[in-house]
Amino acid sequence: MIRKLKRRLIALSMTALTILLAIIVAGMNLISYSALTSEADTTLSLLSQNKGRFPDQSGAPEKHKDDFPRGMSPELPYESRYFSVLLNDSGNVIFSETSKIAAVDSEAAIHYARSVLERGATSGFADQFRFLRTDDDAGTRIIFLDCGRKLDSFFTFLYASLAMSLVGIAAVFCVILFFAGRIIRPIAESYEKQKRFITDAGHEIKTPLTIISANVDLLEMDLGENESLEDIRQQTTRLRLLTDDLVLLARMEETGNALPKIEFPLSEVAEETLRPFQTLAEQQNKTVTCSIEPLVALNGNDKAIGQLFSILMENALKYAPTGTNITFALEKQSKSVRITVQNSTETPMSSDDLIHIFDRFYRTDHSRNSETGGHGIGLSLAKAIVTAHGGKIHADAPDPQRFRITVILPA
């Protein structure tokens, strides 16, 4: 349990950190990319308004201060590398302008323009060039702006941020891995003390219980059968069973749920375990319907699995109303064995009951009476047995008046 808690702490911390860094890195790069494309589109729009050229800047600078959009540098025409192609309605090239770029000749410019026409896009990227397609009286003009250096800077920042994020995740993982044990140490110590207390107290309680039982027998020999003595014997027996279950549960947790395992015939164990419960059900005016697939084997502890079946059937018989049917099903699936125990209930099971049904000493409000007996530890022990076999146990309500426990064990 402590190891599982430590793993969950590390997993939760790393998941939270990864999500946070992913949001930060994605946000920063999306903003950077958006700024890049927005600036390029603004430049292309200006070029489009002037038929593929920047506004004429001859003369005094004061005359041209309104020729550029707000925030755009007047040096932009001298920094930008662009080309354009004009085509008629038939797609034939009227002319191409490549004087403002050295890396693209007229043939390459025409190739880019025709690829844009085939795509049918009005704006976007063609390799490293951001383009804008407009239609006017002269024809279809496609203007390309070289964004190569800005794209290189963007991808450099993207890869650097990803690399730094991975380094940060690895560093934090090492730190959390180092300190996780210290963080949960108080919990681990408290848990270990609790387990030792249960085990030690269980052993200490057995001696006075044995003495009480012996004295009850002696008193019964002197006084004869007595209702008070019988009540003492019943409560002593109940306390002894509770102590045995608590000690067994504590031992399983102390050993990390380790049980000696062998391959055994699961179907036969189920049939042998359920046989007495069918007789008991008849005495209580209830019925048990079994569906056990034959020749199913399992690698596990046969005694523990038999105890699991007993716990599930005892729980079903205890809370099933008189005159109802209890179903037990065991079937082999592809790589697992599915065990289902289902019984009717007098009152609907709430979602809170289903969540806590496997907690120690948890019992539904309806079952808190002297008629049902039990001490609320059985299903906790059932969960421990299933966990020791690497399986899963789940409780649900198929309908309001039905309660079902499903066990999945690896075959």
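These notebook entries record what I looked up in a predicted model.

**Entry 1: helix α7**

I began with α7, which covers residues 266-283, and found that its 18 residues reach 27 Å from the first C-alpha to the last, close to the 26 Å expected at 1.5 Å a residue. I then checked the axis and noted that α7 bends by about 30 degrees at Leu-274, with a proline, Pro-276, following within four residues.

Which residues of α7 are buried? I listed Leu-266, Ser-267, Val-269, Ala-270, Thr-273, Leu-274, Phe-277 and Ala-281, so Leu-274, the residue at which the bend was placed, is under the 20% cut-off for relative accessible area. I kept the general rule beside this list: an α-helix has 3.6 residues a turn, so residues three or four places apart point the same way.

I next asked what covers these buried residues, and the elements I found include the strands β6 (262-265), β7 (287-292), β8 (297-300), β9 (325-332) and β10 (336-344), together with the helix α8 (302-319).

**Entry 2: the sheet beside α7**

I traced an open sheet of 5 strands in the order β7-β9-β10-β12-β11, and I noted that its pairing is mixed. Its edge strands are β7 and β11 (392-396), each of which pairs on one side only, and the twist averages 10 degrees from one strand to the next.

Returning to α7, I saw that this helix lies across β7, β9 and β10, and that it runs at about 170 degrees to β7.

At the β11 edge I looked at the pairing with β12 (residues 402-410), which is antiparallel and extends over 5 bridges; within this pair of strands, Lys-392 stands opposite Ile-408 of β12. Helix α10 (residues 378-388) packs on the sheet here, touching β11 and β12, and its direction makes about 140 degrees with that of β11.

**Entry 3: helix α10**

How many residues of α10 are buried? I read 8 of its 11 residues as buried, so α10 is largely enclosed by the rest of the structure. The buried residues are Leu-379, Ser-380, Leu-381, Ala-382, Ala-384, Ile-385, Val-386 and Ala-388. After the helix comes Gly-390, whose phi is positive, near 75 degrees.

**Entry 4: β6 and β8**

I turned to β6 and β8, which also appear among the elements covering α7, and found them running antiparallel, joined by 4 bridges. Glu-263 stands opposite Asn-299 in β8. I separated the faces of β8 as well: Leu-298 and Gly-300 make up the covered face, whereas Ala-297 and Asn-299 make up the uncovered one. The general background for such a division is that in a regular strand the side chains alternate between the two faces of the sheet.

**Entry 5: salt bridges**

The count comes to 3 salt bridges, and I went through them in turn.

Glu-39 forms one with Lys-150, with the closest N and O atoms 2.7 Å apart. This pair links distant parts of the chain, 111 residues apart, with Glu-39 in helix α1 (residues 2-49) and Lys-150 in helix α4 (residues 148-183). Glu-39 is partly exposed at 38% relative accessible area, and Lys-150 is also partly exposed, at 39%.

The side chains of Arg-130 and Asp-41 meet in another, at 2.8 Å from N to O. Arg-130 lies in strand β4 (residues 129-136) and Asp-41 in helix α1, so the pair ties together parts that are 89 residues apart in sequence. I noted that Arg-130 is buried, with 10% relative accessibility, while Asp-41 is partly exposed at 30%.

Asp-396 and Arg-404 form a salt bridge whose closest N and O atoms are 2.5 Å apart. Asp-396 counts as buried because its relative accessible area is 17%, which is under the 20% cut-off; Arg-404, at 22%, is partly exposed.

**Entry 6: positive phi outside glycine**

Where does a residue other than glycine have a positive phi? One case I recorded is Lys-51, with phi near 55 degrees, in the loop between α1 and α2 (76-79). I recorded Asn-285 as well, with phi near 60 degrees; its place is in the loop between α7 and β7. I set against these entries the general expectation that most residues other than glycine have a negative phi.

Key:
Residues are numbered from 1 along each chain as its sequence is written. This is a predicted model: local features need pLDDT of at least 70, side-chain atom pairs count only at pLDDT 80 or more; totals for chains, interfaces and linings use all residues. Side-chain values use heavy atoms; hydrogens and water are left out. Helices (H or I, at least four residues) and strands (E, at least two) are DSSP runs, numbered from the N terminus. The expected span of a helix is 1.5 Å times one less than its number of residues. The bend at a residue is the angle between axes fitted to the seven residues ending there and the seven starting there. Buried means under 20% relative accessible area, exposed over 50%, partly exposed in between (1.4 Å probe, protein chains only). Contact means heavy atoms within 4.5 Å. Two strands pair if DSSP finds at least two bridges between them. Axes are lines fitted to C-alpha atoms, for helices over the stretch in contact, and angles run from 0 to 180 degrees between N-to-C directions. A salt bridge is a side-chain nitrogen of Lys or Arg within 4 Å of a carboxyl oxygen of Asp or Glu.
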